[in-house]
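Trainee: Before we begin, may I ask that we go through this structure one region at a time?
Mentor: Certainly; please put your questions in turn.

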Amino acid sequence: MTTLYLLGAAALPVLDIAPFIEEAQGAGYDVCLGLTPAAARWLEPQLTGLERLTGHPVRSEYKRPGAPDVWPRADVALFAPATFNSLNAWALGLTSSFVVGFAAEAIGKGIPLLTMPCVNAAYARHRALDRSVAELRGMGVRVLYGEDGFAPNPPGERHPYPWHLALGAVREAVPPRA
Ligand SMILES: Cc1cc2nc3c(=O)[nH]c(=O)nc-3n(C[C@H](O)[C@H](O)[C@H](O)COP(=O)(O)O)c2cc1C
């Protein structure tokens, strides 16, 4: 099996992460779900079901020193949805959340990395966003933002999050092993 780490932050599409997991599994990936602490709070009522669906613990905290690894090794990781906060933290190397820490370290480990932000047009006008996107791309992360990915909407408007683009890009980056 090809292991996909799916890392999600606290933007509304994270509430619809279960159908995406099912699609990724249907495409041949073994999915391990990691969440920022805020996203884990939002998904609290679903966490048991998500663990059952993935067959792995859902992680939102660093493990304790000496604790065993509970996930198989990652073949590829997708950070989606990535908030303004998590994307900027990742680009700057601020690793207080487990999923951002994993993603930051994964750059150095050479694990194929993709991300699709979810930010409104007001956040998008803040200069930090373009800087972070450029930084991450410069470090080899495929950022699905703009033409081939997520396009910001006006604050308060909810449009469908293009999960299909994320799965397509993951399949392109690391096709599932037969
Ligand atoms: C209902 C709601 C929707 C939100 N949607 C977004 C969003 O789409 N993008 C974003 O960057 N932040 C959004 N936020 C703000 C983040 O949840 C907040 O910045 C949080 O601290 C992000 O933490 P995380 O990156 O660790 O998940 C939203 C907050 C709420 C309450």
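**Asparagine 153 and its surroundings**

Mentor: Asparagine 153 has a relative accessible area of 17% and is therefore buried, since the cut-off for burial is under 20%. Please note that the model is a predicted one.

Trainee: In which loop does asparagine 153 lie, and which residues is asparagine 153 in contact with, leaving aside its neighbours within four places in sequence?
Mentor: Asparagine 153 belongs to the loop that runs between β5 (142-143) and α8 (163-173). When neighbours within four places in sequence are left aside, the contacts of asparagine 153 are Val119, Asn120, Ala121 and His159.

**Helix α4**

Trainee: Why is α4 described as largely enclosed by the rest of the structure?
Mentor: Helix α4 covers residues 84-92. The buried residues of α4 are Phe84, Ser86, Leu87, Asn88, Ala89, Trp90 and Ala91. The helix is largely enclosed because the buried residues number seven of the nine.

Trainee: Which elements do the buried residues of α4 pack against?
Mentor: One partner is α5, where Ser86, Ala89 and Trp90 of α4 meet Val100, Ala103, Ala104 and Ile107. In full, the buried residues of α4 pack against β3, α5, β4 (113-117), α6 (121-125) and α7 (127-138).

Trainee: At what angle do the axes of α4 and α5 cross, and is the crossing left-handed or right-handed?
Mentor: The axes of α4 and α5 (residues 98-109) come within 9 Å, and their crossing angle is roughly 35°. As α4 passes α5, the crossing is right-handed.

Trainee: Which residue follows α4, and what is its phi?
Mentor: The residue that follows α4 is a glycine with a positive phi. This is glycine 93, and its phi is near 80°.

**Salt bridges**

Trainee: How many salt bridges does the structure hold?
Mentor: One of them joins the side chains of lysine 63 and aspartate 69, with an N to O distance of 2.6 Å. Another pairs arginine 142 with aspartate 148. The number for the structure is five.

Trainee: Of lysine 63 and aspartate 69, which is partly exposed and which is exposed?
Mentor: Exposed means over 50% relative accessible area, so aspartate 69, at 60%, counts as exposed. Lysine 63 has 40% relative accessibility and therefore counts as partly exposed.

Trainee: Which residues are linked with Arg142 in a network of salt bridges?
Mentor: Arginine 142 and aspartate 148 have their closest N and O atoms 3.1 Å apart. The side chain of arginine 142 also meets that of glutamate 172 in a salt bridge, at 3.4 Å from N to O. This pair links distant parts of the chain, with arginine 142 in strand β5 and glutamate 172 in helix α8, 30 residues apart. The residues linked with Arg142 in the network are thus Asp148 and Glu172.

Trainee: How exposed are arginine 142, aspartate 148 and glutamate 172?
Mentor: Arginine 142 has a relative accessible area of 30% and is partly exposed. Aspartate 148 is also partly exposed, at 35%. Glutamate 172 counts as exposed, at 61%.

**Threonine 54, proline 57 and a surface patch**

Trainee: Is threonine 54 buried or exposed, and which residues does threonine 54 contact?
Mentor: Threonine 54 has its place in helix α3. Its relative accessible area is 6%, so threonine 54 is buried. Leaving aside neighbours within four places in sequence, threonine 54 is in contact with Ile21, Gln25, Asp30, Val31 and Leu33.

Trainee: What distance separates the C-alpha atoms of proline 57 and cysteine 32?
Mentor: Proline 57 is in the loop between α3 (47-54) and β3 (76-82), and is partly exposed at 34% relative accessible area. Apart from neighbours within four places in sequence, proline 57 contacts Leu33, Glu51, Val70 and Trp71. Proline 57 and cysteine 32 are 25 residues apart along the chain, and their C-alpha atoms are separated by 7.6 Å.

Trainee: What is the area of the nonpolar surface patch made by Leu12, Leu15 and Trp42?
Mentor: Leucine 12 is found in the loop between β1 (2-8) and α1 (17-26). Leucine 12 is partly exposed, with 41% relative accessible area. Together with Leu15 and Trp42, Leu12 makes a nonpolar surface patch of about 260 Å².

Technical notes: Residues are numbered from 1 along each chain as its sequence is written. This is a predicted model: local features need pLDDT of at least 70, side-chain atom pairs count only at pLDDT 80 or more; totals for chains, interfaces and linings use all residues. Side-chain values use heavy atoms; hydrogens and water are left out. Patches are made of residues with over 30% relative accessible area and no salt bridge: like charges are joined within 9 Å, nonpolar side chains (Val, Leu, Ile, Met, Phe, Trp, Tyr) within 5 Å. Accessible areas come from the Shrake-Rupley method with a 1.4 Å probe; for residues, only the protein chains shown count as cover. A salt bridge is a side-chain nitrogen of Lys or Arg within 4 Å of a carboxyl oxygen of Asp or Glu. Helices (H or I, at least four residues) and strands (E, at least two) are DSSP runs, numbered from the N terminus. Buried means under 20% relative accessible area, exposed over 50%, partly exposed in between (1.4 Å probe, protein chains only). Axes are lines fitted to C-alpha atoms, for helices over the stretch in contact, and angles run from 0 to 180 degrees between N-to-C directions. A crossing is left-handed if the near helix is turned anticlockwise from the far one by less than a right angle, and right-handed if clockwise. Contact means heavy atoms within 4.5 Å.
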